[in-house]
Amino acid sequence: MTCRCGESGRVQAKHFFRRTVAGTTFTSDADVDSCAGCGEVHIPASLMIAFERAIAGELARRGPVSDETFRWIRKAAGLERGELAQILGVTPETIAGWEGERRPIDRAAWLLVASMVLDSIEGPRPVRARLKAPQRKVASPPELAIGLPAGGMTARVLTLIASSARCSESDLADALDVDESALQALLRDLATLGLVSPTPNAGTERSWAPLTEGPAALLRAAVEAGVDLDTPLPRATPGETAKSDPRLRAAGATWRLTSS
Ligand SMILES: [Zn+2]
């Protein structure tokens, strides 16, 4: 890739992230490419997203429960206001009110969305365990250095498989809010490359295990095998009926294909 300055050589540089949310300044750093001529840094979008997700993860874990943090975690959970309003049985205006400090935030709604965010970062866990997380009572520090979780969807799939115990296919699809059959196709590809393998499960559902120990090593092996970690997956079809009825599900898949 040639830079605007005409130079095509790249050197590695450090990029420092810094963002203040709800009184805490979150910092992180990552290796990025920079131009050997003018030093201009190229920051991939997936890295920016990873930083925002890392912040959302910390907020979901520690709180505080507030209008500002609610907006952050809702966005990280990939929920539109209207969609969340439907889930909670409130109007989108109610949610806008929570996020705009016009109404006191609903703690139950906050905890639900926080659980969804943590599911998508750490893998699904029982809700009770999530709600008992003691860290939320700890006051937030003024500055907090955070690690960046994998940004791209394929990277997130691999990270969840490497870090959580026995995720079934539907657990993974739910946690990441992606279409299950598209996820299955991806997992089959990753298995062909010797990165993951299906494991027998007590139930009828298939689980997947990593063939390399640890998330970082698995991601490295994937890159070496030529996997594009940023490859996206289509979102899950909203609505329970679409999920349980194979015909509706197929219709949903067609709808997504034609509309994208
Ligand atoms: Zn340049």
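Colleague: Which residue of β7 does Pro 198 stand opposite?

Modeller: Its counterpart is Trp 208 in β7. Bear in mind that this is a predicted model.

Colleague: What makes β6 and β7 count as paired strands?

Modeller: Pairing asks for at least two bridges, and 4 bridges join β6 to β7 (residues 207-210), so the two strands pair. They run antiparallel.

Colleague: What is the strand order of the sheet they belong to?

Modeller: The order is β5-β7-β6, in an open sheet of 3 strands with antiparallel pairing.

Colleague: Why is one side of β5 and of β6 left without a neighbour in the sheet?

Modeller: Because β5 (167-168) and β6 (196-199) stand at the edges, each having a single partner strand.

Colleague: Which helix lies across these strands?

Modeller: Helix α7 (residues 153-163) lies across β5, β6 and β7, and runs at about 85° to β7. Angles of 65 to 115 degrees count as roughly perpendicular, so α7 is roughly perpendicular to β7.

Colleague: Good. Now to the helix pair: why is α1 called oblique to α2?

Modeller: Helix α1 (residues 45-62) and helix α2 (residues 67-76) pack at about 125°, with their axes 9 Å apart. That angle falls outside 65 to 115 and is not over 145, which means that α1 is oblique to α2. Their crossing is left-handed.

Colleague: Which residues of α1 and α2 meet there?

Modeller: From α1 come Glu 52, Arg 53, Ile 55, Ala 56, Leu 59 and Ala 60, and they meet Thr 69, Trp 72, Ile 73 and Ala 76 in α2. By class, the residues of this contact are 7 nonpolar, 1 polar and 2 charged.

Conventions
Residues are numbered from 1 along each chain as its sequence is written. This is a predicted model: local features need pLDDT of at least 70, side-chain atom pairs count only at pLDDT 80 or more; totals for chains, interfaces and linings use all residues. Two residues are in contact if their C-beta atoms, placed from the backbone, lie within 7 Å. Axes are lines fitted to C-alpha atoms, for helices over the stretch in contact, and angles run from 0 to 180 degrees between N-to-C directions. Angles under 35 degrees count as roughly parallel, over 145 as roughly antiparallel, 65 to 115 as roughly perpendicular and the rest as oblique. A crossing is left-handed if the near helix is turned anticlockwise from the far one by less than a right angle, and right-handed if clockwise. Ala, Val, Leu, Ile, Met, Phe, Trp, Tyr, Cys and Pro count as nonpolar, Asp, Glu, Lys and Arg as charged, and the others, Gly among them, as polar.
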